[in-house]
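The following paragraphs trace charged side chains and cysteines through a protein model. Please keep the sequence and the coordinates at hand while reading.

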Amino acid sequence: MSHKVLGIDIGTNSLGWALLDDEEGRIIATGVRVFPEGVDRTQTGGEVSKNETRRTARGTRRQTRRRRERKQAVRNALIKARLFPKDPEQIEALLQLDPYELRKKGLTKKLELFEFARVLYALSQRRGYKSNSKTDRKDQKETEGLLAEINQLQSEIEEHKHKTLGEHFAEELKAGTPVRGRHTLRAMYLQEFELLWKTQSKYHSKILTEKLKKQLNNPDETENWVHKGLIYGQRKMYWKKSTIGKCELEPKEIRCEKSDRLAQQFRLYQEVNNLRLIESGTERTLSPEERETLLDYLSSAKERTFDQIRKKLDLYQSAKFNLEAGDRSKLLGMPVDALLAHKAIFTKKWHQRPDQEKTEIVRFILDHDDTPELIRDKAINEWGLDEEATEALLRLDLTEGRANYSRKAIEKLLPYIKQGLPLSARDDTDNALHKAGYSRADQRSRSKTNRLPVPPDIPNPIVKQALHEVRKLVNSLIDEFGIPDAIHIEMARSVSGSADQRLQTTIKMRERERERDAAANYLRQEGFQVTRNNIDRYLLWKEQGEHCAYCDKNFSPRMIFDSNSEIEIDHILPRSRSLDNSWMNKVVCCRKCNSEKAKQTPLEWLPKISQERYDSVLQSAARLPYPKRQRFSQKLEGLEDFIERNLVDTGYIASEVRKYISRLNTDVICTKGQLTSIYRRYWELNNILHDDGLNIKNRDDHRHHAIDAIVVALMNRSNLQKLSGFWKQTRQAHLKQPWKNFRSEIEAAVNSINVSHRTRRKISGALHEETIFGATQESATTYVRRKPVSSINNTSQVEKIRDPQIRKLVKDYLKQHGIDPDSKSQKINEKIWADGVYMPSGVPVKKVRMLEESSGMLEIRPNQFTAPGSNHHIEIFELLDKAGNPILNKDGSPKRKSEIITMFDAAQLAKTKRPLINRNHGPNTRFVISLSINEMILLDIGRNEPVLHRVQKLTKKEIILRPHTYAGQVKDTDKPPIIQRRSPNTLKGQKVTVDRLGRIRWAND
């Protein structure tokens, strides 16, 4: 009977898949899909949101547009009120008036209407800094410096007894002091506006009406505006409720803020409920007295370290907590209470307030974070704070983010969590979810469907991107082969978890690689053979302090690596019973100890021999990482429990993926994946793509994901039991394969894979570079741009400085600092510019105008140019003679030309609804082909048959192609066969498309 199983290996930017019939023992189909990762990467491997750069640029454009629109709206309002002229020449003449002198004069004397219009227009151009508490708290140091400068300016105004900022600046300019670039406060301008309007409305009462004043400056607050008016209008900064995630338990409710006291209590009680104490190798829950003591202790602080907790509970320092695993060193308490109880705000008296009152205060602060005036009023008039404490409160930085559940759900769950019940458990009678009337995620009924719908909005951008690809892949497979009977999924560690967790995983992997490289170097230096087994032995030996894990006998290097070594690698929990072959289950020990231990755990073996020896072993194991030392005292479960655990990944992301794919009417398993590499090695699958005798997976070939998917599809109870039996009865190198000719079938299937790459035809990203250039009279290809002096990092750039006087100043400065400015190419350290370049007048030279040679610049505004951004595609066409026959090159091939279409060009074509691909390049031409990034071509590379390649890069001079299977690092210095370089004239091949299932079709070109 047929039983189709689909295995999917989900990576950060790839899907390996395999559809098997595990009853009949055959591979139906397999393949690989490669797509862009859900995040961008920095040079160091860090994650950057794909939208961050675009969002920042869009914000800048929006700010510039709003400033322009505000000034235009003010001008139109003043024209309508007959204060501002319409004629461009009169406007130009008006703008030549000194606004500062008029602002000073207008405080006490009559201004003509057009003069007052000039003042109002000036006030609309520069409005001063207005505090945004949320942003200010993020950039506290920068904000503090800015406010210190503003306070200094305010002191100067008061010292000189000037009424307004405008009067002060007018006097400063008279004294020759520049006023540009000075930081000012919005309140200064509002005060000046009121004083000027009050004075001038006495002279022009019929025109300067209250209605016009309110149109320009209206302090009223609305739903969207903190302050209205054309000049001083300020929008509120807030997240729309529609953009906040919904609670999975109460779908109509938004998720609760993490800073809400309810959410912090919920998290606190959960962690204490999950806390286990490990003493003398035995794990236990906290006693009721210990639990109450710890809850009180945590509730009065932001956090407590585990050392502090041990001391508070009067425990030995050797006692450990289960939550100390990894790098965790503390438990969070009630951070929001700790912040508000600070001596500068509510003081310790905060803890004396009723719980309900404290919760209401915190929620008012959270709900009105963008309106500090309301918080200030409440704090002074109702909460009993003075001015100083109120200012400290407004500077407070409450933790951002949202909890998983809504306030409504937490209010229902918290009473049971406080009783000590776990949030969720297999037994419905003993968990908070069940008691509160909720179902576990796997119990909630979901409508079944024959095709996967749009994926849920998962906060992990990498998984979100991958799920969209999974949906398209699975639906394509369903169209071709029907719904599989089961779907098995494995997710790479670099996919799951939060951004911080993924970063920590990457860091640890790199540390592990460095450790293994160092171990390999040690082995070479000491003359030992460099093998995987020897590297493992060395690292375990070092980790254990160069001692046996069970008898504390000291080992020398010779004892470890000798061919007749008495030292062996042992599994703390027998792998035949635990299926655990991980690093955290391995130690090195004497052969004698290993023989005595046999198939037992340390807990089963040592206490029967000597409790004293067992205690000594546990004490020695204290130096090991927590997950490893915990195994020394672990009671072993039955094999079925371990099998179940390996077949069910209970992580949040894995659970969400499983829930989504379970919408299909089929069984879904999300495996943990620790055993995939073991099966790959025992079934001799690693050498299919890279037969070097080391039996190590070849990660430079995309098809290794398909091999992983085949193994994942075969990850079932039957094969896990066979693995257990194999480990129990034999030490042979090869595990029995699932069916006859298994490996040869996989090899044939994998070698026939056409890797599918997602083509980049979308018009997205920057349409052009950010740097703006100006035209020059030197030549049509010579442009000028402004550049900070401190960014000049090579002497070759000095000659490009356009102004001869400035160029000489820079050269003299470099000579004074020991650098020859006339040398052709000498590097300049950024620190060289620390002293600053100055004009003879003392004015600092911060930026210089530099000449640059470039062709193909885009004129985005009159006399403003920029370089085009990335290339969208290339169009190649042949040249024909008058008779319509191809013009030939010397080698007899048709003569070709090409045209690069940039992303900017493509955007313009789309905007005007013209075809992106131009097939008509004029008379005497014939269109040949168009190519975009990741489009596929069967390329002639001089073999009997063409080889499938993808387009990696497009330039004006050449097309860079890579084999469709290549997944290694990409370098410009690469050589064939992992790279092929072609010009339009040397490109020989047929453009094709490769669909998600790896099927090749001829392209239209």
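A salt bridge is defined here as a side-chain nitrogen of Lys or Arg within 4 Å of a carboxyl oxygen of Asp or Glu. The model is predicted, with local features requiring pLDDT of at least 70 and side-chain atom pairs counting only at pLDDT 80 or more, while totals for chains, interfaces and linings use all residues. Residues are numbered from 1 along each chain as its sequence is written, and side-chain values use heavy atoms, with hydrogens and water left out.

Side chains of opposite charge can pair when their charged atoms come close. A search of the whole structure yields 55 salt bridges. One of them joins the side chains of Asp-355 and Lys-358, with an N to O distance of 3.5 Å. Both residues belong to helix 14 (residues 355–367), where they stand three residues apart, about one turn of the helix; helices (H or I, at least four residues) and strands (E, at least two) are DSSP runs, numbered from the N terminus. Are the two partners buried or exposed, given that buried means under 20% relative accessible area, exposed over 50%, and partly exposed in between (1.4 Å probe, protein chains only)? Asp-355 is partly exposed at 40%, whereas Lys-358 is buried at 5%.

A second salt bridge links Glu-543 and Lys-628, whose closest N and O atoms are 2.6 Å apart. Because Glu-543 lies in helix 21 (residues 532–543) and Lys-628 in helix 27 (residues 626–631), this pair ties together parts that are 85 residues apart in sequence. Glu-543 has a relative accessible area of 22% and is therefore partly exposed, while Lys-628, at 0%, is buried.

A third salt bridge is formed by the side chains of Arg-680 and Asp-708, at 2.7 Å from N to O. Arg-680 is in helix 30 (residues 676–682) and Asp-708 in helix 31 (residues 704–713), so parts 28 residues apart in sequence are tied together. Both of these residues are buried. Elsewhere, salt bridges with shared partners connect Glu-257, Asp-260, Arg-363, Arg-402 and Arg-407 into one network.

Which residues gather in a patch of positive charge on the surface? They are Arg-54, Arg-55, Arg-58, Arg-61, Arg-62, Arg-66, Arg-235 and Lys-762. A patch is made of residues with over 30% relative accessible area and no salt bridge, like charges being joined within 9 Å and nonpolar side chains (Val, Leu, Ile, Met, Phe, Trp, Tyr) within 5 Å. Helix 1 (residues 52–80) supplies the largest share of the positive patch, six residues. Arg-235, by contrast, is part of strand 7 (residues 234–235), and its relative accessibility of 39% makes it partly exposed.

His-227 is located in strand 6 (residues 225–227). With a relative accessible area of 14%, His-227 is buried. From His-227 to Arg-54 the C-alpha to C-alpha distance is 28 Å, and the two residues are 173 apart in sequence.

The cysteines complete the survey. A disulfide is a pair of cysteine sulfur atoms within 2.5 Å, and by this rule the count is zero. Why does Cys-551 form no such bond? The closest cysteine sulfur, in Cys-590, is 3.5 Å from the sulfur of Cys-551, which is too far for a bond. Cys-551 is partly exposed, with a relative accessible area of 36%, whereas Cys-670 is buried at 1%.

How values were computed:
Accessible areas come from the Shrake-Rupley method with a 1.4 Å probe; for residues, only the protein chains shown count as cover. Lys and Arg count as positive and Asp and Glu as negative; His and the chain ends are not counted. The place of a charge is taken as NZ of Lys, CZ of Arg, CG of Asp or CD of Glu.
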